[in-house]
Amino acid sequence: MAPSKLNSTDPHGNGDASFSSSQPDNGSSDSLTLFHSEKAVQELLQQTPIQQTDDHLIEFSEALRTVAKALRRAAEGKASAQAEAAEWKRRFELERARNQQLEHKGTTLMDCITGKSPGECNAGIDAQRVENSTNQPMLRNETNEQSENWSTNGLCSHEILHDGETNSQAKAVPSRIMRKASFKLSWRCKGDISDQHKHDIVSFERGNITAAGRSSKQISLKWESDPQTVLIMTKPNSTSVRILCAEMVRWLKDHKKLNIYVEPRVMGELLSESSYFNFVHTWKDEKEVLSLHTKVDLVVTLGGDGTVLWAASMFKGPVPPIVPFSLGSLGFMTPFYSEHYQDCLDSVLRGPISITLRHRLQCYVIRDGAKNEYEMEEPILVLNEVTIDRGISSFLTNLECYCDNSFVTCVQGDGLILSTTSGSTAYSLAAGGSMVHPQVPGILFTPICPHSLSFRPLILPEHVTIRVQVPFNSRSPAWASFDGKDRKQLAAGDALVCSMAPWPVPTACQIDSTNDFLRSIHDGLHWNLRKTQSFDGPRDL
């Protein structure tokens with residue numbers, strides 16, 4: 001918006017007092033300008049004689065107060081934006097430093113596994129511990145993060161873990177080391193497997209720009225060590241799912257000799273059925289849930305797409321591969337049938353298998369009353385979409401949208417959907433958004449019943465950061481929901497910031513990613529289903 005000025009002549013001959021909404025680049029200059037502007041307003045109000053009966057002067061004084069308030073809001077908004085930019089920069093630096101240390105740690109562990117002497121390995125690990133303690137502050141759950149390193153033959157995952165035993169158990173029995181199953185991801189195209197991971201999108205050979213062709217490749221997962229631990233998550237309140245879960249637990253224990261984890265609710269159901277299931281593990285508190293990814297090699301879901309969403313929400317960081325069995329109504333993410341679960345699991349545990357990397361959104365809520373960048377609420381990860389709507393209010397939502405600090409539009413309607421491509425067949429589809437292949441990295445920007453005939457949905461690239469803010473002139477607050485739950489109110493001045501999360505959700509494919517996607521929209525939505533045109537009609541000669 002162009003700067004606006006209000007000029008008023010001082011009746012005492014002191015010149016003009018001008019007020020501008022434009023902001024200088026220097027933060028200290030902002031505060032000085034705001035101070036002088038407010039001071040000038042107050043002096044003008046005190047020096048100008050206002051009669052009780054003069055309505056025009058009263059209205060003019062109220063307008064001056066409004067200008068001063070707008071100037072204060074503008075300065076606070078710029079300070080908030082600068083603080084947010086500093087926070088994103090700090091997070092980027094911490095993430096880059098942590099990735100470098102994890103890469104070095106993974107290389108050290110690989111050297112130990114591939115035959116270095118114990119002295120060299122211990123020296124390398126001790127040196128790494130000293131470096132971690134001196135060069136970088138301890139991050140939350142850093143000791144539980146999964147070690148990942150890039151190798152010349154693909155994306156690999158390696159980690160050595162210790163069983164969580166109490167001190168009394170450690171004294172009685174020596175600590176047992178359990179090696180978490182490692183795997184490698186590779187891209188393949190038209191049946192040809194390529195061990196070389198091409199992480200360059202384009203090449204610049206001899207001055208020519210050439211696309212790498214990675215988008216046409218399927219992702220394959222190959223186990224480098226046998227999986228040892230499986231987490232089973234089920235749809236609640238279903239007798240058939242409960243029976244299938246008990247049968248699957250027996251088969252995995254008796255025939256595959258695997259460690260089984262289930263939810264506390266399922267643990268109670270199994271023990272009420274038989275004491276045979278005493279070997280099954282579960283968790284007791286949120287702290288144990290946060291460390292699940294360090295123990296679990298594979299996740300099996302028994303239900304519909306909602307069960308897959310629930311399983312993904314259990315992991316705030318890296319997610320183990322998920323094998324989803326279809327026991328719900330619509331199954332866009334559940335390609336496996338429960339009738340053949342033994343053959344399916346046997347094939348998955350043996351490998352290799354095709355997987356779909358489903359991207360997630362990382363969302364932050366920033367309140368208007370936040371004093372600095374550290375007063376930001378905990379991030380929320382969504383696999384389908386985040387929805388900002390008007391809730392129970394009868395007024396239109398009024399949402400200001402920005403993409404990488406560039407103004408996009410002001411949404412006036414029932415709300416806005418920010419969706420992943422996996423969620424393109426969910427709420428976004430019902431609101432008029434396009435169906436997108438789940439491995440396309442992008443963010444869907446879909447309005448809900450906009451009060452405009454020209455407001456069409458957008459698909460934005462995966463690297464952008466989207467900010468949705470409730471303006472101060474909004475008639476009512478907005479409400480945000482994340483994958484249909486965790487509903488939060490957004491008052492005037494509050495903002496929701498969304499970007500692509502660094503931890504995708506890998507789901508196993510029955511055939512491959514594209515075949516499963518097309519089959520799901522044909523079977524679930526009856527996409528483009530109509531009677532075939534009769535062959536005995538008029539013909540072109």
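Reader: Is N384 buried or exposed in this predicted model?
Author: The model is predicted. N384 has a relative accessibility of 9%. The cut-off for burial is under 20%, so N384 counts as buried.

Reader: Where does N384 lie?
Author: Two strands frame the residue: β19 (380–382) and β20 (385–389). N384 belongs to neither strand's range, and its place is the loop between β19 and β20.

Reader: Which residues does N384 touch, leaving out those up to four places away in sequence?
Author: N384 is buried, at 9% relative accessibility. Among its contacts are L309 and M333. The others are S419, T420, S422, G423, A426 and D483.

Reader: How many of the residues in β12 are buried?
Author: Strand β12 spans residues 229–234. On one side, T229, L231 and M233 are buried. On the other, V230, I232 and T234 are buried too. Both faces are covered, and the count is 6 of 6.

Reader: Which residue in β13 is the bridge partner of I232?
Author: β12 pairs with β13 (residues 259–262). The pairing is parallel and runs over 4 bridges. In β13, the partner of I232 is V262.

Reader: Which residues have the most contacts inside the largest nonpolar core?
Author: This core has 39 residues. I232 touches C245, M248, V249 and L252, including these among its contacts beyond four places in sequence. Its contacts also include V300 and L302. The residues with the most contacts inside the core are I232 and F325.

Reader: Which helix gives the most to this core?
Author: The core in question is the largest nonpolar one, with 39 residues. One helix, spanning residues 239–256, supplies 8 residues. That helix is α5.

Reader: How are α5 and α6 oriented to each other?
Author: Helix α6 covers residues 264–273. The axes of α5 and α6 come within 11 Å and cross at roughly 80°. Angles of 65 to 115 degrees count as roughly perpendicular, so α5 and α6 are roughly perpendicular.

Reader: How many nonpolar, polar and charged residues has the contact of α5 with α6?
Author: From α5 come R242, C245, A246 and V249. They meet V266, E269, L270, S272 and E273 in α6. By class, the contact has 5 nonpolar, 1 polar and 3 charged residues.

Reader: Of contacts between residues at least 6 apart in sequence, what percentage join residues at least 24 apart?
Author: The protein has 11 helices and 29 strands. Buried residues make up 42% of its 541 residues. Of the contacts in question, the share joining residues at least 24 apart is 66%.

Key: Residues numbered from 1 in each chain as written. Predicted model: local features only at pLDDT ≥ 70, side-chain atom pairs only at ≥ 80, totals over all residues. Heavy atoms only, no water. Core = buried A, V, L, I, M, F, W, Y, C linked by side-chain atoms within 4.5 Å. Buried < 20%, exposed > 50% of the residue type's maximum accessible area, 1.4 Å probe, protein only. Contact = heavy atoms within 4.5 Å. Axes fitted to C-alpha atoms, helices over the stretch in contact; angles between N-to-C directions. Parallel < 35°, antiparallel > 145°, perpendicular 65-115°, else oblique. Nonpolar A, V, L, I, M, F, W, Y, C, P; charged D, E, K, R; others polar. Pairing = 2+ DSSP bridges.
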